[in-house]
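Q: Please take me through one part of this model at close range, beginning with a spot on the backbone and working outward to where the chains meet. I would like one connected account, with some reasoning where it helps.

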There are 2 protein chains.
Amino acid sequence: MRPKHNTLTPQELEIMKLVWQRGAATVRDVYEALLERRKIAYTSVMTMMKILETKGYLKKRRQDRAFLYRPAQPQKQIISGMIREFIDRVFNGSAEPLLVHLVKSRHLSEKDLQKIVRMVEESE
Amino acid sequence: MRPKHNTLTPQELEIMKLVWQRGAATVRDVYEALLERRKIAYTSVMTMMKILETKGYLKKRRQDRAFLYRPAQPQKQIISGMIREFIDRVFNGSAEPLLVHLVKSRHLSEKDLQKIVRMVEESE
DNA sequence: CTTGACATACGAATTAATTAGTACTAAACA
DNA sequence: TGTTTAGTACTAATTAATTCGTATGTCAAG
């Protein structure tokens, strides 16, 4: 048995990002935003948003004739969960090797590094 | 059309981690390691390792009767690619918000933070 | 030489994720 | 009032990832 994803799948995340940006969104809002990047059917977006609702990521209420969807959980919490899952999967749960990678490879700019140093120092 | 994964899938990664640990491994080696954690058929492992080979992550040569598999690319490069993909997908390509999350939430211990500060300072 | 252990090759079944078609409904309007 | 429009509900098809069964080959021990 394949263990089921308990984080957002790529397409689910794509949609959540659009909802987060907007605070709330209808299927049409999301559909039009996605269309700018790729071909997709209106009903595909609807299906995904319904899935996100049944999974507890979105909640809806009727607005005029359509549903208006809002995030059901804080964005930070979701993102944090995705980071956690990534660290578990790739680094067996320890964040430190990820940090080392980030600092050593070109994933971070000089500015980023200075910002971190400041953040760490302030949190002491 | 769904864009194809160009990083390791969860199960592929699981197997690569075992091969990385060992430097080289046969299907049996990996099979036995996986068995300690979950039920899996020998041939399933074989299929996955063949896939990893055709995707260019592993190369094989015959050792006695079985194939001995080795990484075909440096581990660092693969991991770096996975981090890149994650940052692209979750943070639209900028590493800095990931850092902020790591520093602010409990993903990092105090020791980790100090280690980073030292690393950053040394790299200046 | 035959049998058993262990390997690969190949093909297929299963599951999850994604996409989209079709039927139906209600409001808007000519 | 009938038709167009914009929405939902329901269902099905497609693709990728994962799992595994069966057929087959080879070597070594008896």
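**A close look, from a loop to the chain contact**

A: Let us begin at Asp64(B), which lies in the loop between strand 1 and strand 2 (66-71) of chain B. Please keep in mind that this is a predicted model. Asp64(B) is not a glycine, and yet its phi is positive, at about 55°. That is worth a pause, because most residues other than glycine have a negative phi. Is Asp64(B) buried or exposed? With 7 other C-beta atoms within 10 Å, Asp64(B) is exposed, because 12 or fewer is the limit for that class.

Now turn to the other chain. Asp64(A) is placed in the loop between strand 1 (58-63) and strand 2 (66-71) of chain A. Asp64(A), not a glycine either, has a positive phi of about 55°. Its count is 7 C-beta neighbours inside 10 Å, so Asp64(A) is classed as exposed.

From the loop of chain B, step back into strand 1 (residues 58-63) of that chain, where you will find Lys59(B). Lys59(B) has 15 other C-beta atoms within 10 Å and is therefore partly exposed. If you set aside neighbours within four places in sequence, Lys59(B) is in contact with Glu53(B), Arg70(B) and Ala72(B). Another residue to look for is Met49(B): Lys59(B) and Met49(B) are 10 residues apart in sequence, and their C-alpha atoms are 9.5 Å apart in space.

For a lysine on a helix, go over to chain A and find Lys50(A), in helix 3 (residues 42-54). Lys50(A) is partly exposed, because the number of other C-beta atoms within 10 Å is 15. Val27(A) is 23 residues away from Lys50(A) in sequence, while the C-alpha to C-alpha distance between the two is 9.6 Å.

It helps to set these spots in the whole chain. Chain A has six helices and two strands, and along the sequence they run α-α-α-β-β-α-α-α. The C-alpha atoms of chain A fill a box of roughly 50 × 40 × 30 Å along the principal axes. A compact globule of 124 residues would have a radius of gyration near 14 Å, whereas chain A has 18 Å. Of those 124 residues, 22% count as buried. Among contacts in chain A between residues at least 6 apart in sequence, 41% join residues at least 24 apart.

Next comes the meeting of the chains. Here, 26 residues of chain A are in contact with 26 residues of chain B. On the side of chain A that touches chain B, the elements giving two or more residues are helix 1 (10-22), helix 4 (75-91), helix 5 (96-104) and helix 6. Helix 4 of chain A gives the most, with eight residues. By class, this side of chain A has 18 nonpolar, four polar and four charged residues.

One pair to rotate into view is helix 6 (residues 110-122) of chain A and helix 6 (residues 110-122) of chain B, whose axes come within 10 Å and cross at roughly 140°. Helix 6 of chain A is therefore oblique to helix 6 of chain B, because an angle has to be over 145 degrees to count as roughly antiparallel. The crossing of these two helices is left-handed. Chain A brings Leu113(A), Ile116(A), Val117(A) and Val120(A) to the contact, and chain B brings Leu113(B), Ile116(B), Val117(B) and Val120(B). That makes eight nonpolar residues, with no polar and no charged ones.

Helix 6 of chain A also packs with helix 5 (residues 96-104) of chain B, at an angle of about 15° and with the axes 10 Å apart. The two are therefore roughly parallel to each other, and their crossing is right-handed. From helix 6 of chain A come Asp112(A), Lys115(A), Ile116(A), Met119(A) and Val120(A), which meet Glu96(B), Leu99(B) and Val103(B) of helix 5 of chain B. This contact divides into five nonpolar, no polar and three charged residues. While you are there, look for Ile116(A) and Val120(A): they take part in the contact with helix 6 of chain B and in the contact with helix 5 of chain B.

Note on methods: Residues are numbered from 1 along each chain as its sequence is written. Chains are lettered from A and ligands numbered from 1 in the order in which they are written. This is a predicted model: local features need pLDDT of at least 70, side-chain atom pairs count only at pLDDT 80 or more; totals for chains, interfaces and linings use all residues. Axes are lines fitted to C-alpha atoms, for helices over the stretch in contact, and angles run from 0 to 180 degrees between N-to-C directions. Helices (H or I, at least four residues) and strands (E, at least two) are DSSP runs, numbered from the N terminus. Angles under 35 degrees count as roughly parallel, over 145 as roughly antiparallel, 65 to 115 as roughly perpendicular and the rest as oblique. A crossing is left-handed if the near helix is turned anticlockwise from the far one by less than a right angle, and right-handed if clockwise. Two residues are in contact if their C-beta atoms, placed from the backbone, lie within 7 Å. Ala, Val, Leu, Ile, Met, Phe, Trp, Tyr, Cys and Pro count as nonpolar, Asp, Glu, Lys and Arg as charged, and the others, Gly among them, as polar. The radius of gyration is taken over C-alpha atoms; the globule rule is 2.2 Å times the number of residues to the power 0.38. A residue is buried if 20 or more other C-beta atoms lie within 10 Å of its own, exposed if 12 or fewer, and partly exposed in between; C-beta atoms are placed from the backbone.
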